[in-house]
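Trainee: Could you take one part of this structure and look at it closely with me, and then say how it relates to what lies beside it? I would like one connected account rather than a list.

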Amino acid sequence: MSFYNEMFGDDGNARLCYFKYLEWLNAPEQKNLIKRKEEAENVFRRTGITFNVYSEKEETEKLIPFDLIPRILTGDEWKIIQRGVEQRVKAINSFLWDIYHHQEIIKAGIIPRSLIEQNEAFLPEMIGFTPPSGIYTHIAGIDLVRTSEKEFFVLEDNVRTPSGVSYMIENRETMYNMFPELFSKIKVRSVTEYPAKLLKALKASSPQLLNDSTVAVLTPGMYNSAYFEHSFLADQMGVELVESQDLQIIDGRVAMRTTQGFKIIDVLYRRVDDMFLDPLSFNENSALGVPGIMDVYKSGSITIANAPGTGIADDKAIYSYIPEIIRFYTGQKALLKNVETWLCGNKEHLQYVLENMSSLVVKEVHGSGGYGMLIGPAASKQELSAFKRKLVRNPANYIAQPTLSLSTVPVLKKSGLAPRHVDLRPFALVSRDNVFVTAGGLTRVALKKGSLVVNSSQGGGTKDTWILETN
Amino acid sequence: MLGRNAAGIYWMFRYLERCENNARLLRAGLRISMTQYDHASQDWESVLMATSIKTLFDKIYNECNSSSVINFILREKENPSSVISSIDKARQNARMIRTVLTKEVFESINEIYFNLKRLLKRPVTEQSLPKTIDIIQRQSALVRGCLHGTMLRNDVYDFARLGTFVERADNTARILDMKYHILLPAVSYVGSSVDISQWENILRSVSAYQSYKWLNENELNPQGICNYLILDDRLPRSLNFCSKNISLNLKSLSQSYNTSFCSVKMSSGQSLYLKQLGIEEIFKNGLHEFLSTFLVKLNSISNQIEKDFRFYK
C-alpha cells in the first residue's frame with residue numbers, strides 16, 4: 001500500500017507548503033534539534049499537561065509524546081475541512097432536534113427505528129424537550145484522516161464531550177516559546193482565541209437573555225485523565241471549575257458554594273458523561289453529578305453543554321448514516337466523505353466482514369481509545385480466528401471498515417525524519433446562527449513505524465498543526 | 001470564589017509552610033549534633049519532639065539516630081507531616097485549584113514537587129543534608145516569591161496568607177513548648193545554668209538567630225529569646241507577628257466581602273491581647289500554660305475560618 005506523504009512528493013521533493021519550514025529545518029543551527037525534545041517535555045511537565053495512569057502500584061503521571069515537527073496545511077486545504085465540518089455539525093444538530101421531537105427521519109424510512117430507540121445513548125428523558133437556544137452539541141470534534149492531496153475522510157464524530165483542545169493550544173504555545181523565529185518567517189493562523197470563542201458560545205446559549213450569565217465547567221475531579229484540560233479551559237475562560245461537591249439545587253436553580261454563599265449557574269459546560277450527570281435520573285450510584293439537575297434543566301433554568309443525549313449522533317452505528325442525515329436536513333451532498341462501513345448486525349454485512357476480515361478494521365460500536373479493535377492486515381491467523389469467534393457471538397456490537405491508507409507526516413528521530421501516520425481532530429463551536437471552526441486542530445501521530453493507531457493510550461503522540469495564512 | 005478553592009489555597013500554603021519548617025528544624029538539629037558531641041542522639045530526639053509525632057516514629061523505627069530522624073522527617077510517606085507528604089499535599093491542592101493560581105505560582109509548586117521527589121528518592125545522609133535543606137528552602141522561597149510578585153491582592157491572596165500564618169504560628173508555638181519541656185521543668189529554673197546552645201537551637205530553627213544577635217548583641221537568655229519569639233512584632237515568625245497578620249488578612253476579607261465574620265472578631269481579639277502582653281506576665285503564669293492556650297485559640301480561629309468561608313459542604 002502506498003501512503004500520501006504530506007511533506008514530500010513521490011519524487012522526493014518537498015511540497016510547497018513545507019518549503020520555508022524545511023529551509024529552517026535544514027539550516028546548520030537545527031542540526032541538534034532532537035536534543036530540544038527534552039526541553040519541550042520539561043515545559044509540558046512543569047505546566048502539568050499530564051494525564052494520570054493508574055496501575056496496581058501507584059498513580060503515575062504521564063506525558064503524551066510531543067513531536068517537534070509541525071504538520072502544515074495550506075489555507076485551501078483548510079477550507080475543504082472547515083466547510084465540511086460546518087456542514088456536518090449543523091446537520092448533526094438538526095438530526096438531534098428531530099430525533100427528540102418528530103422523528104421525521106425515521107418516518108421517512110432513512111434510519112431504522114430500532115437503531116435509535118434500542119441505543120443506550122438515546123435518552124427518553126430528552127423526548128419533546130428543546131434545550132435553551134435549541135443547540136444540542138455546542139462543542140464538537142470531528143476526527144479526520146487524509147488519503148490523498150484533496151481527500152479527507154471522517155473517521156468518527158465526537159459530539160458528547162470531545163477532548164484534546166487544550167493540546168491544540170498548548171502545543172502551539174510550546175512551539176511559540178521554543179521556535180519564535182519560525183513564526184515571524186511563516187504566517188500561521190492563530191488558535192489562541194479558542195477559549196474566548198468558547199465562552200462567547202456558551203454565554204450565547206444561556207437561558208438568561210438579559211443579564212450577564214454565569215458559566216462554570218463541571219469536572220469529575222483531579223483524578224480524571226482529562227483534568228488538565230478541564231482546569232485549563234475554566235482558567236482560560238475565567239470561570240469556576242466546579243465538582244459535584246460544590247453544587248446544590250436551590251429554589252429550582254443550580255448553584256455553587258462560594259466563600260460568599262451560593263451563586264446561581266446559568267450555563268454548565270460539563271465534562272461528565274450523561275450517565276453520571278444526575279443520580280436521580282441516570283446512574284443512581286454516581287457521585288460525580290448533581291442530584292436533580294435534570295429537573296432544573298427541563299424547567300429551562302440552566303443550559304447543559306453539550307446537551308444530554310447527544311451521544312445518539314456519534315454512535316458508531318449511526319455514523320454510517322451521516323451522509324444521508326446531511327442530505328435529509330440540508331439538501332446537500334456531504335462535503336467530507338464517510339469511510340465505508342459494514343454494520344455487523346446486518347446479515348449480509350456480517351458475511352462480507354467474515355470473508356474479508358484480513359483487509360478490514362473491526363471496531364466495537366461503543367469502544368473508544370483504540371481498545372478492542374482489530375486491524376486485519378496487521379493481525380496474525382490466530383488473532384483473526386479469535387476475533388471471528390467474538391464477532392459471531394455478538395455481531396451487532398461491531399462495525400467494520402476498510403483499512404485506509406492514512407497520510408503520513410515525518411516525525412523527528414535520532415536518525416532524522418521518518419514518516420508516521422496521522423489523523424486530525426478539528427474543533428467546532430456552535431452558536432445559534434453560526435458554526436466556528438478553529439483554524440487548526442489536534443494532530444495525533446502513531447509513533448510506531450507502520451502503525452495506524454494514533455490513540456495516546458496506544459502509544460500515539462501529538463504534533464502542532466499549522467494552517468497557513470496563504471493558500 | 002468557590003469555598004472549595006478557598007480551602008485549597010489555604011491548605012496549599014499551610015503544607016508549603018510545614019514543608020519549610022521541617023527543613024529548618026533539621027538544619028537546627030544538624031547544627032547541634034555537630035557542636036554537641038555528648039548527647040547527639042538525645043538532640044535528634046528533641047528535633048523529633050517538635051514535630052509532635054514521636055509515637056509514630058517509634059512505631060516505624062527501632063533506633064533514634066541522625067539517619068532515622070532525617071529520613072523520618074524528610075522522606076517517610078507514613079509520616080503525614082514529612083517534607084515529602086507535605087509537598088505532595090501542597091501540590092495536590094494546587095492542582096485542585098489551579099484556576100485561581102497564576103501560571104508562575106502553579107509552575108513553581110509543580111517544579112518543587114518534581115525536584116523534591118527526585119531528591120528524596122534515596123535516603124539522605126548527614127553529608128548531603130545541608131544541600132538538601134538548601135534546596136527545600138530555596139524552592140519554597142520561589143513559590144512565595146511567585147505569590148508575592150504575580151498574584152492579585154484579592155481574596156485568593158488573603159487565604160494563601162492565612163494558611164501561611166496559621167501554620168507558622170502553630171510551628172513556632174510548638175517549638176517553644178517542646179523546648180520548654182526539656183529545658184525549663186519549673187519556672188524557678190529560669191536564668192539557671194541551662195545549656196545555652198539549646199536556646200540557640202530554638203532561634204536557628206525559626207531562622208531568628210541572626211536577627212536576634214543584631215538586636216541583642218549576642219546576649220542569649222531564655223526570657224529575651226521567648227520575648228523575641230512570642231512578642232516582637234518585627235520578627236516574621238513570632239506569635240505576635242503571625243497573629244497580627246491573621247487578623248489583617250481576615251479584616252481585608254471582611255472588607256472585600258462587606259460582611260462581618262466571627263473569625264475576624266476572634267483573631268483581632270487574639271492579636272490585641274498579644275500586643276498588650278509582657279513577657280514577665282507570661283513567665284509568671286507559666287510559659288507552657290500560655291502556649292497551650294495559644295494553640296487552642298489558634299485552632300479554633302482556623303476552624304472558624306473554615307466555617308465562615310464555607311470551605312466544606
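**A close look at chain B and its neighbour**

Mentor: In chain B, among the contacts between residues with a separation of 6 or more, 69% join residues that are 24 or more positions apart. Please keep in mind throughout that we are looking at a predicted model.

The secondary structure of chain B consists of 15 helices and zero strands. Its radius of gyration is 19 Å, and because the globule rule gives 20 Å for 313 residues, which is close to that value, chain B is as compact as a globular protein of that length. Laid along its principal axes, the C-alpha trace of chain B spans about 55 × 50 × 35 Å, and 48% of its 313 residues count as buried.

Within chain B there is a division into two parts, domain 1 covering 1–151 and domain 2 covering 153–313. The C-alpha centres of these two domains of chain B lie 20 Å apart, and the contact between them takes 28 residues from domain 1 of chain B and 26 residues from domain 2 of chain B. On the domain 1 side of this contact, the elements that give two or more residues are helix H1 (3–35) and helix H2 (40–50) of chain B. Of the elements on that side, H1(B) gives the most, with 19 residues. Taken by class, the residues of domain 1 of chain B that make up this side divide into 16 nonpolar, six polar and six charged.

From the inside of chain B we can turn to its outward contact, where 19 residues of chain B meet 18 residues of chain A. H1 appears again here, since the elements that give two or more residues to the side of chain B touching chain A are H1, helix H5 (83–96) and helix H6 (103–119) of chain B. On this side, however, H6(B) gives the most, with five residues. The classes on the side of chain B that touches chain A come to eight nonpolar, three polar and eight charged residues.

To place that contact in its setting, consider the partner chain. Chain A has 15 helices and 23 strands, whereas chain B has zero strands. For 471 residues a compact globule would have a radius of gyration near 23 Å, and the 23 Å of chain A agrees with this. The C-alpha trace of chain A spans about 65 × 60 × 50 Å along its principal axes, and 40% of the 471 residues of chain A count as buried. In chain A, residues 24 or more positions apart account for 68% of the contacts with a separation of 6 or more.

Two sheets of chain A deserve a closer reading. In one, four strands of chain A form an open sheet in the order S7-S6-S11-S12, with parallel pairing. Its edge strands are S7 (240–242) and S12 (303–305) of chain A, each of which pairs on one side only, and the twist from one strand to the next averages 25°. Strand S6 (residues 215–218) of chain A pairs with S7(A) in the parallel sense over three bridges; within this pairing, Ala216(A) has Glu240(A) as its bridge partner in S7(A), and Leu218(A) has Val242(A). S6(A) also pairs in the parallel sense with strand S11 (residues 267–270) of chain A, over four bridges, and here Val215(A) stands opposite Val267(A) in S11(A). Val215(A) and Val217(A) point one way from S6(A), while Ala216(A) and Leu218(A) point the other way, and all of them are buried.

The other sheet is open as well, and its three strands follow the order S8-S9-S10 of chain A with antiparallel pairing. Strand S8 (247–250) and strand S10 (261–264) of chain A stand at its edges, and because each has a single partner strand, one side of each is left without a neighbour in the sheet. Neighbouring strands of this sheet are turned by 45° against each other on average, direction ignored. S8(A) pairs with strand S9 (residues 253–258) of chain A in the antiparallel sense over four bridges, and Ile249(A) has Val254(A) in S9(A) as its bridge partner.

To return to the part you asked about, chain B comes to 15 helices in two domains, 1–151 and 153–313, and H1(B) is among the elements on the domain 1 side of the contact between those domains as well as on the side that touches chain A.

Note on methods. Residues are numbered from 1 along each chain as its sequence is written. Chains are lettered from A and ligands numbered from 1 in the order in which they are written. This is a predicted model: local features need pLDDT of at least 70, side-chain atom pairs count only at pLDDT 80 or more; totals for chains, interfaces and linings use all residues. The radius of gyration is taken over C-alpha atoms; the globule rule is 2.2 Å times the number of residues to the power 0.38. A residue is buried if 20 or more other C-beta atoms lie within 10 Å of its own, exposed if 12 or fewer, and partly exposed in between; C-beta atoms are placed from the backbone. Two residues are in contact if their C-beta atoms, placed from the backbone, lie within 7 Å. Two strands pair if DSSP finds at least two bridges between them. Axes are lines fitted to C-alpha atoms, for helices over the stretch in contact, and angles run from 0 to 180 degrees between N-to-C directions. Domain bounds come from an automatic or database domain assignment. Ala, Val, Leu, Ile, Met, Phe, Trp, Tyr, Cys and Pro count as nonpolar, Asp, Glu, Lys and Arg as charged, and the others, Gly among them, as polar.
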